[in-house]
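Below is a set of questions and answers on one protein model with a bound ligand. Each answer works through the geometry and ends on what was asked.

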Amino acid sequence: MNGTKLKVALVQMHVDAGEPDANFERAARKLEEAVGGETKPELIVLPEMWNTGYALERIEDIADQGGERAKGLLSAFAKTNRVRILGGSIAEKRADGVYNTTYVFDEGGELTDTYSKIHLFRLMDEEKYLQAGDRPGTLNAGAVQAGMMICYDLRFPELARKLALGGAKALFVPAQWPNPRLRHWRTLLTARAIENQMYVVACNRCGASGDTTFFGHSMIIDPWGEIVAEAGEAETILRGEIDPALVEAVRAKIPVFEDRRPSLY
Ligand SMILES: O=C(O)CCC(=O)C(=O)O
C-alpha cells in the first residue's frame, strides 16, 4: 500500500451472453493482465454480470449455483496474487431464485463482503427473471471505506448519499450500461462524485450482445468531480489511484455534510 492510497485496476471487457465457459476463460485472462501491469494494483474491479451476460430467458439454467464457480476463481486469484478483488457481479443461483451479486475478496482469498443489486432494471426485464437484494453494499477496500452499487442503482442518489453518510469515501459501480445512454452514465457518475464528495470507480463492459451495444467508458472520478481516468470503447485495463486524503480536503473546503438540512427535506 502506498501510504493510505489505493491503486485500482478496472477490467473493461466483452461478455458473451449465455456463455459462462467463454466468460470464465476471459475473466481469468483479464485478471492476469490487470495484475501484470507495470504497477501492481491493490484492488481489481470487474464489470456487472460477467459470467452470463443478459441471457435472462436462460438465466435459471446458466446462473452460478451459490456463486461457487466464481468464488473459486476469484478467491484463488486473489490469494495467489495477493490482491483484492471486487468481482463485478455475477448471476448467482440461490434456493429462491437468481440474484445479481458482487463478491469482494481480500488479498488472502477470503470473501469479505457481498452485495446483490437492489434496483432491478425494468427496461431490460430484470424484475421478471431476477430477485432483488435487500440491503446496501459496503466494503473495506484496504484503508478505504467504500460503498458499492450495481449499474441501474446509480440512478438512485439516496442510496449513494446513505453510503456516504455511513462513511464511504469511494463508490464502486460495476455495470453493463448500454448505448445510447453514455451521457446519462458520465453525468450520473460525475454527479454522485461531486454531490457526495467521494471517488466514483465505475467498471462497464464493452462489446455487443445481439442488438445491444455497450460503450465501455469505465471511469475513475475524484471527489472534486475531476476524471482521473476514462476508458474508450474497447477492452482495456483502466488504472488509477484513490487518495482518501483528497476526500477529506474536498469535504473541508465545501462542508456539504455539515450544511445539510435533513429536517427540511
Ligand atoms: O440505467 C440505465 O440506463 C442502465 C441500467 C442497466 O443497464 C442495468 O442496470 O443493467
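Q: How many helices and strands does the protein chain have?
A: The model is a predicted one. Its secondary structure in the protein chain comes to eight helices and 16 strands.

Q: What radius of gyration does the protein chain have, set against that of a compact globule?
A: The C-alpha trace spans about 50 × 45 × 35 Å along its principal axes. For 265 residues, a compact globule would have a radius of gyration near 18 Å, so the value for this chain agrees with the rule: 17 Å.

Q: Among contacts between residues at least 6 apart in sequence, what share joins residues at least 24 apart?
A: Of the 265 residues in the protein chain, 48% count as buried. Among the contacts between residues at least 6 apart in sequence, the share that joins residues at least 24 apart is 68%.

Q: Is Asn-100 buried or exposed?
A: Asn-100 sits in strand β6, residues 97–105. Beyond its neighbours within four places in sequence, its contacts include Met-49, Ser-89, Lys-117 and Ile-150. The cut-off for burial is 20 or more C-beta neighbours within 10 Å. Because Asn-100 has 31 inside that distance, it counts as buried.

Q: How far apart in space are Asn-100 and Val-173, C-alpha to C-alpha?
A: In sequence, 73 residues separate Asn-100 and Val-173. In space, their C-alpha to C-alpha distance is 13 Å.

Q: Which residues of strand β8 point to the buried face?
A: In a regular strand, side chains alternate between the two faces of the sheet. Strand β8, residues 137–141, shows this alternation. Thr-138 and Asn-140 point to one face and are not buried. The residues that point to the other face and are buried are Gly-137, Leu-139 and Ala-141.

Q: Which residue in the hairpin of β8 and β9 takes a positive phi?
A: β8 and β9 run antiparallel and are joined by five bridges. In this pairing, Gly-137 stands opposite Met-148 of β9. Two residues lie between the strands of the hairpin, and the residue with a positive phi, near 65°, is Gly-142.

Q: Is Cys-151 buried or exposed?
A: Cys-151 lies in the loop between β9 and α5. Its phi is positive, about 45°, although the residue is not a glycine. Cys-151 also belongs to the residues around the ligand. With 26 C-beta neighbours inside 10 Å, Cys-151 counts as buried.

Q: How many nonpolar residues does the shell around the ligand have?
A: The residues around the ligand include Phe-121, Met-124, Tyr-152, Trp-177 and Pro-178. Arg-155, Gln-176, Arg-181 and His-184 are also among them. By class, two of the shell are polar and two are charged, while the nonpolar ones number six.

Q: Which elements are included in what covers the buried residues of α5?
A: The buried residues of α5 are Ala-160, Leu-163 and Ala-164. They cover an arc of only 100° around the axis, so they are on the same side of α5. On the other side, Glu-158 and Leu-165 are exposed. What covers the buried residues includes β8, β9, β10 and α6.

Q: Which residue with a positive phi follows α5?
A: The helix in question spans residues 157–165. Phi of the residue that follows is near 115°, and that residue is Gly-167.

Q: Against which strands do the buried residues of α7 pack?
A: In α7, residues 244–253, the buried residues are Pro-244, Leu-246 and Val-247. Seen down the axis, they fall within an arc of 155°, so they line one face of the helix. Ala-245, Ala-252 and Lys-253 are exposed on the other side. The buried residues pack against β9 and β16.

Q: What is omega at the peptide bond that joins Asn-179 and Pro-180?
A: Pro-180 is in the loop between β10 and α6. The bond that joins Asn-179 to Pro-180 is cis, with omega about 10°.

Q: What is the burial class of Asp-125?
A: Asp-125 is in the loop between β7 and α4. Its phi is positive, near 60°, in a residue other than glycine. Because Asp-125 has 13 C-beta neighbours inside 10 Å, its class is partly exposed.

Definitions and conventions
Residues numbered from 1 in each chain as written. Predicted model: local features only at pLDDT ≥ 70, side-chain atom pairs only at ≥ 80, totals over all residues. Near = placed C-beta within 6 Å. Nonpolar A, V, L, I, M, F, W, Y, C, P; charged D, E, K, R; others polar. Helix = DSSP H or I, 4+ residues; strand = E, 2+ residues; numbered from the N terminus. Buried ≥ 20, exposed ≤ 12 C-beta atoms within 10 Å, placed from the backbone. Contact = placed C-beta atoms within 7 Å. Arc of directions from axis to C-beta. Rg over C-alpha atoms; globule rule 2.2 N^0.38 Å. Pairing = 2+ DSSP bridges.
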